[in-house]
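Here are a few packing exercises to work through with the coordinates open. Try each one yourself before reading its solution.

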Amino acid sequence: MVKLGERESTRNAYGVALAELGEIHPEIVALDADLAGSTQTRRFADKFPERFFEMGISEADMMCTAAGLAVSGKIPFVSTFVIFGAGRAWEQIRNTICRPNLPVRICLSHGGISIGEDGSSAQACEDFAIMRSIPNISVIVPCDAAETKALIHEIWDKPKSPVYIRMTRNKVPTILDENDQSFHQKFTLGKAVTLREGSQATIIACGQMVAVGIQAAEELAKEGIEVRVVNMSTIKPIDQDAIEKAARETGRIVTVEEHNIYGGLGGAVAEVVTERYPVPMRRVGVRDVFGESGSPDALFEKYGLTPKNVVKAVKDLVKS
Amino acid sequence: MKVKEMKREMITAKVMKTAPESPVNIERVSPFSQTRDEKVLREIAREVRKDIIRMTTEAGSGHPGGSLSATDLLVALFWGEMRHKPNDRYWADRDRFILSKGHGCPALYSVYARTGYIAHEILPTLRKLGSPLQGHPCMIHLPTLEISTGSLGHGLSVGNGMALAGRLDGKDYRVYVVMGDGEQQEGSVWEAAMSGAHYKLDHVCGIIDYNHLETEGTVEEVMDIAPLAEKWCAFGWHTIEIDGHNFDEIFAALDEAKATKGKPTMIVAQTVKGKGVSFMENNVGFHGKSATREQMEQAIKELDESE
Ligand SMILES: Cc1ncc(C[n+]2csc(CCOP(=O)(O)OP(=O)(O)O)c2C)c(N)n1
C-alpha cells in the first residue's frame with residue numbers, strides 16, 4: 001500500500017502494480033533490457049517468468065519485439081531507463097509501435113536529472129518533447145507512487161493505443177491520498193487535477209515537480225499570494241480546458257517540470273495558452289543544458305528546480 | 001579535495017583544451033615511463049584497483065566490478081602499448097583510447113591520474129557535484145577524454161571515425177576501444193563491426209572485457225552472445241582470444257593486432273568481474289554498487305597482500 005506523506009519512488013510503485021496486474025490479466029507480458037532490478041520489472045519477472053522477456057542490452061530490438069507481441073494480442077509493458085528507451089529506440093517507437101497504433105505500454109524509469117550521480121549520459125530531459133511529438137501516443141508523468149499505481153491499473157488495456165509513462169529513480173513524497181474517496185474518481189487519463197485553489201496565478205506541474213509546486217504555493221500563501229496548483233500528469237492528450245480555465249481565472253501561469261524548458265510541459269501548456277487565452281507565463285525547468293553528476297537535491301538546487309525558484313517565477317508574474 | 005582546487009583542475013582542463021601548448025602542461029609532467037615489465041605492471045594494477053575501490057566507496061555509488069575486470073587491459077595499453085604523452089595530451093599523433101563501457105571509468109580515471117593526465121588528489125571527487133570525474137565519462141568536464149561515453153554501443157563507431165580521419169590525414173595513430181561483453185548485445189556494435197571491416201580499418205583494435213556478467217546476471221542467461229570470437233571473425237575482423245589478466249598474452253595480442261593489415265582486430269579477453277577482491281569476484285552484486293567502508297578496508301588489505 002502506498003502511504004500518504006511517505007517517500008516512495010514512482011518506479012517502485014510501477015513494479016508493484018505491474019506484478020499485481022499480471023496476476024489478473026494473462027495477456028500482460030513484460031520486457032526489459034538488463035535493468036529489471038532498477039526499473040522494478042523484476043517483481044513481475046519473479047512471479048511470471050514465462051511472461052517476462054529479458055532482452056539484454058538491446059533496446060531497439062526490445063521495442064520491435066514488443067510490437068510483435070502487441071500485434072499478436074499481448075499487452076506488452078516495456079521498461080528500461082528513459083534515455084535508452086525513449087532516446088535510443090525512438091524511431092522504433094515512432095515507426096513500429098505508434099504508426100501501427102499498437103497497445104504497447106512504454107514504462108520508462110530514471111528520467112530527468114534526479115537519476116543523480118550517474119551523470120548527464122543518463123539524465124534524459126528531452127523525452128516529453130520527443131515522445132509527445134509522435135502521433136497516437138499518450139504521454140504521462142505521474143507525480144508520486146499513489147498516482148503511478150492508479151495509473152498503471154487504469155491504462156493497462158485502455159487506451160488501445162501506445163502509452164508512454166515517465167518515472168524517476170529517487171524516492172519522492174507521496175502527496176495524493178489513495179484512501180481518499182475522491183482520489184480514484186479524480187484520476188482519469190487526460191484530466192488535470194487541481195490540488196490547491198488560488199486566484200492570482202496557476203502553477204502547472206508534473207512528476208515530482210508537483211510537490212515542489214505545492215511547497216512554492218505554501219510559501220507564497222505566507223506572503224498573501226494565493227496560487228492554484230494543478231497536477232498535469234497527462235502531457236498528451238493535454239487537458240486544454242483546465243489550462244484555459246486557469247488562464248481565464250488566474251491570469252498567470254507558471255509551469256514546472258524536470259525536463260528541458262523546450263518542448264516539454266511548458267511548451268505544451270504555452271501552445272494551448274497562446275491559442276485559447278493568452279496570458280503571461282514563466283517556465284521553470286532545465287534551461288537547455290546537460291546535467292552532471294551529483295545528488296538529486298544538489299542538482300535540483302543547481303538547475304533551479306526548487307520551490308524558491310518557482311516562488312520567484314510567480315512573483316515575477318504577479319508584479320508585472 | 002577542496003572545491004576550490006577542484007575548480008582549478010577544471011579550469012586547467014579547459015585551458016588545455018583550447019591551448020594545448022599552454023605552459024600548464026609542464027606542471028603536469030609525471031614520473032610516468034612506459035614499460036612492459038610484468039612485475040612493474042602488476043604493482044601499478046594493484047594501485048589502480050585500490051584507487052577504484054576507494055573512489056567508488058567515497059562516491060557511495062559507481063561500478064567497481066567492471067572497473068576491476070578491465071584494469072589489467074587498461075594498464076597494459078597505457079604503460080606498455082599506446083603511443084602517448086601525458087605532458088602533451090593533444091599531440092596529433094597519439095594513439096586514441098575509448099572506454100566504450102563508460103561505466104568502468106573509475107579504472108580509466110585512476111590510469112589517467114597515475115600516468116599524469118590528471119591530479120591524483122581529485123580521484124575522491126568522483127561522481128560529486130562539480131567534479132571533472134563524472135559518473136560516466138564526459139569530455140566537456142574532462143577534456144583529456146577522447147570522447148564522452150556512458151551509453152553502451154557507441155564507442156566502436158567513434159573509434160572507426162577516428163581511424164577514418166587518421167587515414168585521411170595520413171596519420172598512423174592507432175585506436176583502441178574497450179567494450180563490455182553485455183555491450184555486445186547492442187545492435188549498433190554490429191553495425192560498427194560491419195563498417196570497421198568494410199573500410200579495412202587495420203588501425204582499430206577493439207578489446208572485449210569478457211567477464212561473463214552484466215547488470216542482471218550472467219551474460220549467458222540474460223542474452224547469450226556466444227560464440228563471440230566466431231561472430232567477430234564472421235564479420236571480417238582478425239580475432240584473438242586471450243586471458244585478459246595475463247600481461248604476456250595481452251601484449252602478444254596487441255603486437256599481433258598491430259602486425260595485422262587490411263582488417264581491424266578484435267581481442268576477446270577472458271576476465272573476472274571484480275578481479276582482485278575475493279568478495280567482488282564473479283559477484284553480480286558489485287556491478288553497480290560500491291563497497292561499504294568496512295568492505296573497502298578488507299578489499300584494500302587483500303589487494304595489498306596479494307602477489
Ligand atoms: C545503451 C545502454 N543501455 C543500458 C545501459 C545501462 N547499463 C550500464 S552498465 C550495464 C551492463 C553492462 O554490462 P557489460 O557490458 O558486460 O559491462 P561490465 O560487466 O564489464 O561492467 C547496463 C545495462 C547503458 N549504459 N547503455
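**Exercise 1.** Decide whether His103(B) is buried or exposed, then find its contacts beyond the sequence neighbourhood.

*Solution.* Keep in mind that this is a predicted model. Start with accessibility: His103(B) comes out at 13%, and since buried means under 20%, His103(B) counts as buried. Next, place the residue: His103(B) sits in the loop between strand 1 (96-99) and helix 5 (105-115) of chain B. Finally, skip the neighbours within four places in sequence and list what His103(B) touches: His63(B), Ser67(B), His136(B), Leu152(B) and His287(B).

**Exercise 2.** Work out how helix 3 (residues 38-59) and helix 4 of chain B pack, and which residues do the job.

*Solution.* Geometry comes first: the angle is about 145 degrees and the axes lie 9 Å apart. The crossing of helix 3 of chain B and helix 4 of chain B is right-handed. Now pick out the contact residues. Helix 3 of chain B brings Leu41(B), Arg42(B), Ile44(B), Ala45(B), Val48(B), Arg49(B), Ile52(B), Ile53(B) and Thr56(B). Helix 4 of chain B answers with Pro64(B), Ser67(B), Leu68(B), Thr71(B), Asp72(B), Val75(B) and Trp79(B). Sort them by class and you get 10 nonpolar, 3 polar and 3 charged residues. Note that Ser67(B) turns up here and also among the contacts of His103(B).

**Exercise 3.** Which residues of the largest nonpolar core touch the most other members?

*Solution.* That core has 61 residues, and Phe78(B) and Phe97(B) are the two that touch the most other members. Helix 4 (residues 64-80) of chain B supplies the largest share, 9 residues. Zoom in on Phe97(B): leaving aside neighbours within four places in sequence, its contacts are Leu74(B), Leu77(B), Phe78(B), Met82(B), Leu108(B), Glu146(B), Tyr176(B) and Val178(B). There's also a second, separate core of 59 residues, which includes Val2(A), Met209(A), Val229(A) and Val254(A). As background, nonpolar side chains in soluble globular proteins tend to be buried together.

**Exercise 4.** Classify the packing of helix 10 (residues 209-222) against helix 14 (residues 307-319) in chain A.

*Solution.* The two axes are 8 Å apart and make an angle of about 60 degrees. That angle makes helix 10 of chain A oblique to helix 14 of chain A. The crossing is right-handed. On the helix 10 side of chain A you'll find Val212(A), Gln215(A), Ala216(A), Glu219(A) and Leu220(A), which meet Pro307(A), Val310(A), Val311(A), Val314(A) and Lys315(A) of helix 14 of chain A. By class, that's 7 nonpolar, 1 polar and 2 charged residues.

**Exercise 5.** Which residues of helix 11 (residues 240-250) of chain A are buried, and what do they pack against?

*Solution.* The buried ones are Ala242(A), Ile243(A), Glu244(A), Ala246(A), Ala247(A) and Thr250(A). These buried residues pack against strand 10 (201-205), strand 11 (227-231), strand 13 (253-260) and helix 12 (265-276) of chain A. Right after helix 11 of chain A comes Gly251(A), with a positive phi near 75 degrees.

**Exercise 6.** Describe the surroundings of Gly166(B).

*Solution.* Gly166(B) lies in helix 6 (residues 155-168) of chain B. Its relative accessibility is 3%, so Gly166(B) counts as buried. Beyond its neighbours within four places, Gly166(B) contacts Lys171(B) and Tyr173(B). For a longer-range check, take Asp93(B), 73 residues away along the chain: the C-alpha atoms of Gly166(B) and Asp93(B) are 9.0 Å apart.

Note on methods. Residues are numbered from 1 along each chain as its sequence is written. Chains are lettered from A and ligands numbered from 1 in the order in which they are written. This is a predicted model: local features need pLDDT of at least 70, side-chain atom pairs count only at pLDDT 80 or more; totals for chains, interfaces and linings use all residues. Side-chain values use heavy atoms; hydrogens and water are left out. Helices (H or I, at least four residues) and strands (E, at least two) are DSSP runs, numbered from the N terminus. Buried means under 20% relative accessible area, exposed over 50%, partly exposed in between (1.4 Å probe, protein chains only). Contact means heavy atoms within 4.5 Å. Axes are lines fitted to C-alpha atoms, for helices over the stretch in contact, and angles run from 0 to 180 degrees between N-to-C directions. Angles under 35 degrees count as roughly parallel, over 145 as roughly antiparallel, 65 to 115 as roughly perpendicular and the rest as oblique. A crossing is left-handed if the near helix is turned anticlockwise from the far one by less than a right angle, and right-handed if clockwise. Ala, Val, Leu, Ile, Met, Phe, Trp, Tyr, Cys and Pro count as nonpolar, Asp, Glu, Lys and Arg as charged, and the others, Gly among them, as polar. A nonpolar core is a set of buried Ala, Val, Leu, Ile, Met, Phe, Trp, Tyr and Cys residues joined through side-chain atoms within 4.5 Å.
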